[in-house]
Amino acid sequence: MRRSIIAGNWKLNNTEKEAVALVTALRNVFIDLTELDIVVCPVFTAIPVVHDVLFESNIAVGAQDLYWEDSGAFTGEVSAPLLKELGVKYVIVGHSERRQLFGETNQTVNKKICAALRYGLTPIVCVGEVLQEREGNKTFDTIETQCKESLAGLTAEEIKKIIIAYEPVWAIGTGKTATPQQAQEVHQFIRRWLVKMYQDKVAMTIRIQYGGSVKPENIAELMAQPDIDGALVGGASLKADTFIQIVRNSSGILK
Ligand code: PEP
């Protein structure tokens with residue numbers, strides 16, 4: 001059985017004060033919600049205050065990135081043990097913005113996944129094609145390469161601890177969502193790849209989120225697809241009302 005998971009990626013948004021107001025609203029509304037996992041990923045600097053508000057709640061804190069070394073001369077970086085110390089449980093790895101704007105590659109994504117796993121953090125590993133690749137019928141090739149290289153060397157025990165987020169780059173922050181059929185087709189492709197690499201029993205436990213302009217209006221239809229186990233939500237996670245509505249419209253589905 002796969003438990004649904006809805007995560008909010010706040011990107012570079014929200015001061016400490018705004019972050020506290022947002023998670024206070026979420027905590028109060030979701031106080032009794034136990035049937036799915038909810039995660040918020042603030043900027044690094046807001047993690048401590050967000051963690052304080054969410055302490056002993058059913059909403060977990062995630063980070064948006066990490067570095068693969070634990071410590072040393074790596075100016076500006078934040079490592080897995082430091083995130084662990086702050087009470088972080090999840091970490092987004094290989095988001096398309098990091099790949100496109102900050103030179104992230106499948107190889108650096110792989111090192112970051114291994115670092116997260118070493119410290120018991122759950123990596124949310126992002127993969128997704130750009131528009132040109134979709135239009136050139138290269139979507140499956142791109143996804144396969146990203147999975148193969150980003151997840152290289154992971155054992156069955158390790159792969160069970162990760163979450164994959166399929167995020168078509170053309171759908172991120174554009175208001176253009178993949179149709180439920182387009183998303184399901186890629187999720188199914190990823191699941192079949194996992195079956196090939198790790199066998200059925202393992203592949204069926206791995207959660208695959210969809211990300212790309214998720215809104216309260218489209219989440220239910222996306223979640224109704226057999227291989228979509230949750231969502232990674234950007235813009236719509238910045239307002240309590242819309243994020244609450246997304247969680248409500250997606251809850252109660254076990255696959
Ligand atoms: C994201 O940043 O992961 C994302 C999916 O953004 P948005 O929901 O705004 O498209």
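In helix α5 of this predicted model, the residues Asn106, Thr108, Val109, Asn110, Lys112, Ile113, Ala115, Ala116 and Leu117 are buried. These buried residues pack against several other elements, namely the helices α3 (80–85), α4 (96–101), α7 (139–150) and α8 (156–159), together with the strands β4 (90–93) and β5 (122–127). The helix itself comprises 13 residues, from 106 to 118, and its span of 18 Å between the first and the last C-alpha is close to the 18 Å that would be expected at 1.5 Å a residue. After α5 comes glycine 120, for which phi takes a positive value near 75°.

The ligand is surrounded by 14 residues, of which Lys11, Glu167, Gly173, Ser213 and Gly234 are the closest. By character, the shell around the ligand is made up of 8 polar, 4 nonpolar and 2 charged residues. Oxygen atoms of the ligand take part in polar contacts with both side chains and backbone: an N or O atom in the side chain of glutamate 167 is found 2.7 Å from one ligand oxygen, and a polar side-chain atom of asparagine 9 lies 3.3 Å from a ligand oxygen, while for glycine 173 a polar backbone atom is placed at 2.7 Å from an oxygen atom of the ligand. Of the 290 Å² that the ligand exposes when taken alone, the protein buries 96%.

Two further helices each contain a residue with no accessible surface by the relative measure. Histidine 187, located in helix α9 (residues 180–198), counts as buried because its relative accessibility is 0%, which falls under the 20% cut-off. When neighbours within four places in sequence are left aside, histidine 187 is in contact with Tyr166, Ile208, Gln209, Tyr210, Asp227 and Ile228.

Serine 250, for its part, belongs to helix α12, which covers residues 240–250. With a relative accessible area of 0%, serine 250 is likewise buried. Its side chain reaches back to the backbone of the helix at two places, since the backbone oxygen of isoleucine 246 is 3.1 Å from the side chain of serine 250 and the backbone oxygen of valine 247 lies 3.0 Å from a polar atom of that side chain. An α-helix has 3.6 residues a turn, so residues three or four places apart point the same way. Apart from residues up to four places away in sequence, serine 250 touches Ile6, Leu36, Ile219 and Met223.

Technical notes
Residues numbered from 1 in each chain as written. Predicted model: local features only at pLDDT ≥ 70, side-chain atom pairs only at ≥ 80, totals over all residues. Heavy atoms only, no water. Helix = DSSP H or I, 4+ residues; strand = E, 2+ residues; numbered from the N terminus. Expected span 1.5 Å × (residues − 1). Buried < 20%, exposed > 50% of the residue type's maximum accessible area, 1.4 Å probe, protein only. Contact = heavy atoms within 4.5 Å. Near = heavy atom within 4 Å. Polar contact = N/O pair within 3.5 Å; in protein donor to acceptor, adjacent residues only side chain to side chain. Areas by Shrake-Rupley, 256 points an atom, 1.4 Å probe, with all protein chains shown as cover. Nonpolar A, V, L, I, M, F, W, Y, C, P; charged D, E, K, R; others polar.
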